[in-house]
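This report describes a protein chain for a reader who is new to structural analysis. The sequence and the structure are shown first, and the description follows.

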Amino acid sequence: MAEDVNAEETAKKPKSKKTMILIIVLVILGLALAAGISYFVTTKLVKKSHLPPVIQKGPGVYIKVGDAKDGTIIVNVGGVQSNHYLKIGLVLEMNSDDKTNFKDGKLTEAAKAKILDAIMLTLRSESMKDYEANNEEKLKQSLVDSANKALGVASVYNVYITSFILE
């Protein structure tokens, strides 16, 4: 009988070791699988969700902004108390595939008003230093950014200055 008890104990010990090893291996495999899934989700799915939406870039349409007669804008610059005025002619290169701002191949009246307001606000808010010749690209980019903010992303591609008089 004593031999039977010893035989049972020795038979149970290897089974319990095998069971523990099997449990440890399964836990390690589960952790590896969870890490792989987490890596996939963060690199493939989350990365794509933070990208801006892809907007088709159609051919550019050139729109003159400003007074209907001569196509210029006159604004006071340097603050309200300043005696400086800017007369500027601008042409915007716009996305013709933008269906919200273009109807029948023409810029809508609402879009014209938004563009003019955004450009006037930008020109008035710039300091006199920003109108120097070496800051021209910065001024153009701020005009593009303000127009795109008013109309939507990728509505305006570029701004061209056709005339510039600062008094």
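## Burial and exposure

A residue is called buried when its relative accessible area is under 20%, exposed when that area is over 50%, and partly exposed in between. The model discussed here is a predicted one. Within it, Lys140 has a relative accessible area of 15% and is therefore buried. Of the 167 residues of the protein chain, 28% count as buried.

## Overall architecture

The protein chain contains three helices and six strands. Read from the N terminus, these elements follow the order α-β-β-β-β-β-α-α-β. Helix H1 covers residues 2-49, strand S1 covers 60-65 and helix H2 covers 109-125. Helix H3 spans residues 136-151, and strand S6 spans 156-166.

## A nonpolar patch on the surface

Five residues, Ile21, Leu22, Val25, Leu26 and Leu29, make a nonpolar surface patch of about 490 Å². One of them, Ile21, is placed in helix H1. Ile21 has a relative accessibility of 54%, and because this is over 50%, the residue counts as exposed.

## The largest pocket

Rolling a probe the size of a water molecule over the atoms shows where empty space is left. In this model the largest pocket holds about 170 Å³ of space. Its lining consists of Ile63, Lys64, Val65, Gly66, Asp67, Ala68, Gly71, Leu107, Lys112, Ile115 and Leu116. Strand S1 and helix H2 are the elements that give two or more residues to this lining.

What is the chemical character of the residues in the lining of the largest pocket? Six are nonpolar, two are polar and three are charged. Lys112 belongs to the lining, and this residue also takes part in a salt bridge with Glu109.

## Salt bridges

Side chains of opposite charge can pair when their charged atoms come close. The whole structure holds five salt bridges, and three of them are described here, beginning with the pair in helix H2.

Lys112 and Glu109 are joined through their side chains, with an N to O distance of 3.5 Å. The two residues are three positions apart in helix H2, so about one helical turn separates them. Lys112 is partly exposed at 40% relative accessibility, whereas Glu109 is exposed at 59%.

A second salt bridge links Lys138 with Asp130, and the closest N and O atoms of this pair are 3.5 Å apart. Are these two partners buried or exposed? Lys138 has a relative accessible area of 53% and is therefore exposed. Asp130 has a relative accessibility of 12%, so this residue counts as buried.

A third salt bridge joins the side chains of Glu136 and Lys140, at 3.8 Å from N to O. Both residues lie in helix H3, four residues apart, which is about one turn of the helix. Glu136 is partly exposed, with a relative accessible area of 35%, while Lys140 is buried at 15%. Salt bridges with shared partners connect Glu136, Glu137 and Lys140 into one network.

## Residues distant in sequence

Positions far apart along the chain can be compared by the separation of their C-alpha atoms. Gly60, found in strand S1, is 35 residues from Asn95 along the chain, and their C-alpha atoms are separated by 5.2 Å. Gly60 is partly exposed, because its relative accessibility of 31% falls between the two limits.

Ile165 lies in strand S6. How far apart are the C-alpha atoms of Ile165 and Ile88? They are separated by 6.3 Å, although the two residues are 77 residues apart along the chain. Ile165 counts as partly exposed, with 48% relative accessibility.

Val153 is located in the loop between H3 and strand S6. This residue counts as exposed, because its relative accessibility is 67%. Val153 and Asp98 are 55 residues apart in sequence, and the distance between their C-alpha atoms is 9.8 Å.

Methods: Residues numbered from 1 in each chain as written. Predicted model: local features only at pLDDT ≥ 70, side-chain atom pairs only at ≥ 80, totals over all residues. Heavy atoms only, no water. Patch = residues over 30% accessible without salt bridge, like charges linked within 9 Å, V, L, I, M, F, W, Y side chains within 5 Å. Areas by Shrake-Rupley, 256 points an atom, 1.4 Å probe, with all protein chains shown as cover. Salt bridge = Lys/Arg side-chain N within 4 Å of Asp/Glu carboxyl O. Buried < 20%, exposed > 50% of the residue type's maximum accessible area, 1.4 Å probe, protein only. 1 Å grid on protein atoms, 1.4 Å probe; cavity = no way out; pocket = protein on both sides within 12 Å on 5 of 7 lines; lining within 4 Å. Points joined across faces, edges and corners; volume = space filled by probe spheres on them. Nonpolar A, V, L, I, M, F, W, Y, C, P; charged D, E, K, R; others polar.
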